[in-house]
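Subject: The structure, and what turned up in it

Hello,

Here is the structure I promised to pass on to you. Please open it alongside this message, and I will walk you through what I found.

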Amino acid sequence: MAETTAQTATPRSATAGSAAARSRADAAAAGAPARTAAGADPFVLAGTAFASRLIMGTGGAPSLEVLERALTASGTELTTVAMRRLDPTVQGSVLSVLGRLGIRVLPNTAGCFTAGEAVLTARLAREALGTDWVKLEVVADERTLLPDPVELLDAAETLVDDGFTVLPYTNDDPVLARRLQDVGCAAIMPLGSPIGSGLGIRNPHNFELIVERATVPVILDAGAGTASDAALAMELGCAAVMLASAVTRAQEPALMAAAMRHAVEGGRLAYRAGRIPRRHFAHASSPAEGVAALDPERPAFR
C-alpha cells in the first residue's frame, strides 16, 4: 500500500477534543492483548506463525505518537514500511517505534513503477534492514495506484529467484494471482479497491475465486475503510488483512485500530464456524414436526 510515513514526532495541539481522543485511544490500547505465541489458529506466513492476522501500514499517520498508539491497539506483529520514503539511519523514526513495540518490519517497494525500480528497492531494503521479506508493489500510475501486472510479475519472478520472500500487492484477478503463486510468491495480496479509497471489497466473488485456487495465504491489501470491510475479507476466506489509511486517517486512529483487530478476529471465527446458506425464502428455525394440534372449537386458553 502506498505510504507516506511520519519520520519525526509532531505534537498535536492541546485542545479539549484531542485530550478526550487521547484518553479514548489509551483505553483502546490498554485493551490490546499481549503478544504471545500463536495459538490454536495461527496465521502462518512463509513458515512463520503469527498470533495476529492484522498487518498494519505506517503511511498517513499525523505523528509518531499517534502511530504508536494505533499499532499498540491493533495488536499487529507485522508492519510495512515504505523504503523509498525512509532513512534507516534517522533516530526517532518509524523504525524506532516498531523496534520499541517488538513489531517485525516488512519493507515495501511503494513508489516503484517498473520492475527494475522495485528489484533495486528490495535489494537495498535487504541490505539496510537485514531481511529478505518484501511487500512487492509496482504500480501503473500515480492517479489510480493500481498494480501493473506485467511489471509486477516480472519483478516477482526476479526477486523469488534472488532468494526473497515475496508478498505481492496485486489486482483482484484470479489468473494473475495464480501466476504469482506459480512463480513462488509466499502470499497473494489482492486489492479490495484502490489504495486509500475506503471503498471496501468491490468484487467479493473474485476474492472467493482467488481463495479457492490458492495454496498460499490470501491477504486483503488496500481499500478497507472500516471494520466491516475487514470482517468481510476474513469471512471470504482471506488469511489476513493489510491496511493503513483506514486506521491512520481515521478521526481516532487507535480506536479504529482496535475495531479492525476485533473485526479480523470475528471474521475469522465466522469463516471457521461456517455460515448458514443464503435462501430466497424464510426457513423456520423451529421444526414443523411435533407441533401440538389445537382444536379451533376448544381454545388453548380461556
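Below are my notes, going from the whole chain to particular elements and residues.

First, a caution: this is a predicted model.

**The whole chain**

The protein chain has 302 residues, of which 47% count as buried. It holds 10 helices and 10 strands. Looking at contacts between residues at least 6 apart in sequence, 69% of them join residues at least 24 apart.

**Cysteines**

As a bench biochemist you may ask how many disulfides there are: a search of the whole structure finds 0. As a reminder, a disulfide is a covalent bond between the sulfur atoms of two cysteines. Two cysteines to look at are Cys112, which counts as buried at 0% relative accessibility, and Cys185, which counts as buried at 3%.

**Helix H6 and its surroundings**

Helix H6 runs over residues 174–182, and its buried residues are Leu176, Ala177, Leu180 and Gln181. Viewed down the helix axis, these buried residues fall within an arc of 140 degrees, so they line one face of H6. What lies over them? The cover includes helix H5 (149–161), strand S7 (165–170) and helix H7 (204–213).

Both ends of H6 have something to show. At its start, a side-chain oxygen of Asp173 comes to within 2.9 Å of the backbone nitrogen of Val175. Just after the helix, Gly184 has a positive phi of about 110 degrees.

Strand S7, part of that cover, also pairs with strand S6 in the parallel sense, over 4 bridges. Leu136 stands opposite Pro168 of S7. In S6 (residues 133–136), Trp133 and Lys135 point one way while Val134 and Leu136 point the other way, and all are buried. You may like to display the lysine there, since Lys135 is among those buried residues.

**Helix H10 and Ser74**

Helix H10 covers residues 253–273, and its length can be checked: at 1.5 Å a residue, its 21 residues should span 30 Å, and the end C-alpha atoms are 30 Å apart, which agrees. Its buried residues are Pro253, Ala254, Met256, Ala257, Ala258, Met260, Arg261, Ala263, Val264, Gly267 and Arg268. After H10 comes Gly274, with a positive phi near 85 degrees.

Two of those H10 residues, Ala257 and Arg261, are touched by Ser74, which also touches Leu54 and Met56, not counting residues up to four places away in sequence. Ser74 belongs to helix H2 (residues 64–74). Is Ser74 buried or exposed? With a relative accessible area of 0%, Ser74 is buried, because that value is under 20%. Its side chain reaches the backbone oxygen of Leu71 at 2.8 Å.

**Helix H8, Leu220 and Gly192**

H10 comes up again with helix H8: the buried residues of H8 pack against S9, strand S10 (240–243) and H10. H8 spans residues 227–235, and the buried ones are Ala227, Asp229, Ala230, Ala231, Ala233 and Met234. The helix is followed by Gly237, whose phi is positive, near 110 degrees.

Leu220 sits in strand S9 (residues 219–221). Leu220 is buried, with a relative accessible area of 1%. Leaving aside neighbours within four places in sequence, its contacts include Asp229 and Ala233, and also Cys238, Ala240, Val241 and Met242. One of these partners, Val241, is 21 residues from Leu220 in sequence, yet their C-alpha atoms are 4.8 Å apart. Other contacts of Leu220 include Pro190, Leu191, Gly192, Ile201 and Phe207.

That brings us to Gly192, found in the loop between strand S8 (189–190) and H7. Gly192 counts as buried, at 2% relative accessibility. Beyond its neighbours within four places in sequence, Gly192 is in contact with Gly200, Ile201, Arg202, Phe207, Leu220, Asp221 and Ala222. Among them, Arg202 lies 10 residues away along the chain, and the C-alpha atoms of Gly192 and Arg202 are separated by 5.9 Å.

Happy viewing, and do write back with any questions.

Best wishes

Terms used. Residues numbered from 1 in each chain as written. Predicted model: local features only at pLDDT ≥ 70, side-chain atom pairs only at ≥ 80, totals over all residues. Heavy atoms only, no water. Buried < 20%, exposed > 50% of the residue type's maximum accessible area, 1.4 Å probe, protein only. Helix = DSSP H or I, 4+ residues; strand = E, 2+ residues; numbered from the N terminus. Arc of directions from axis to C-beta. Contact = heavy atoms within 4.5 Å. Polar contact = N/O pair within 3.5 Å; in protein donor to acceptor, adjacent residues only side chain to side chain. Disulfide = S-S within 2.5 Å. Expected span 1.5 Å × (residues − 1). Pairing = 2+ DSSP bridges.
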